[in-house]
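The exercises below ask you to read a fold, a core and a set of cysteines from a structure. Work through each task before turning to its solution.

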Amino acid sequence: CSRTTTFGIIGIGLGLGVWFCGKSRRWSHWRGLPFAGLLMLGLGTLAYAFLPTIGWIMLLCLPLGFCSAIITIPIDARLQHDTTDEQRGRVFALANFCTTTAMLVALGINLDGTLLRIYGPTAMVIALGGGIAAAALVLIVIYRRQVAGFWDSSTPVVAEATEHRSPPSRS
């Protein structure tokens, strides 16, 4: 099996996660969905280190893709919903900046493969999965009150911002 097949299976999982978020009104409005997705992604990555064959690894790629979608889709949807039109570009630019910075830092840490040579691939995957799961648990504890509820599509702040806004003038 090639990397292309692996990425294809992850892509199918992403597609299923996007479909789930679009079709499941109840679950997609649960505030804990991104946190649960992050925790499942961490535990799945951790399990990845202990799988004996490529078949099991391929099978695990499907839920890992699904978890990635259920993390990003609700977060982006809330950012779009709760941000005024005037601020939306800035908010998404900042979110993309943070994502890119995190990726570059992670890439820079292991660019020359030193950590991989010292600790080996299994230990690196265990550290990655354990770190993601630990971060998810910390976030769940910090935001435990918010995780329990559901998002309301008609929050007063958003409704107030859209009701009192005057239409742009045409010059």
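**Exercise 1.** For this predicted model, describe the accessible surface of the chain, its burial and its order of elements.

*Solution.* Begin with the surface: the accessible area of the chain comes to about 11,600 Å², and 68% of that area belongs to carbon and sulfur atoms. Turn next to burial, where 24% of the 171 residues count as buried. The secondary structure consists of nine helices and zero strands, so that the order from the N terminus reads α-α-α-α-α-α-α-α-α. Finally, consider the contacts between residues at least 6 apart in sequence, of which 80% join residues at least 24 apart.

**Exercise 2.** Identify the residues of the largest nonpolar core, and state which helix supplies its largest share.

*Solution.* The largest nonpolar core is made up of Leu41, Leu60, Leu64, Cys67 and Ile71. Helix α4, which spans residues 54-82, contributes the largest share of this core, namely four residues. To follow one member outward, take Ile71: once its neighbours within four places in sequence are set aside, Ile71 is in contact with Pro34, Gly37, Leu38 and Leu41.

**Exercise 3.** Determine how many disulfides the whole structure holds, and classify Cys61 and Cys98 as buried, partly exposed or exposed.

*Solution.* A search of the whole structure returns zero disulfides. Cys61 has a relative accessible area of 2%, and because this value lies under 20%, Cys61 is buried. Cys98, at 44% relative accessibility, falls between the 20% and 50% limits and therefore counts as partly exposed.

Notes. Residues numbered from 1 in each chain as written. Predicted model: local features only at pLDDT ≥ 70, side-chain atom pairs only at ≥ 80, totals over all residues. Heavy atoms only, no water. Helix = DSSP H or I, 4+ residues; strand = E, 2+ residues; numbered from the N terminus. Buried < 20%, exposed > 50% of the residue type's maximum accessible area, 1.4 Å probe, protein only. Contact = heavy atoms within 4.5 Å. Areas by Shrake-Rupley, 256 points an atom, 1.4 Å probe, with all protein chains shown as cover. Core = buried A, V, L, I, M, F, W, Y, C linked by side-chain atoms within 4.5 Å. Disulfide = S-S within 2.5 Å.
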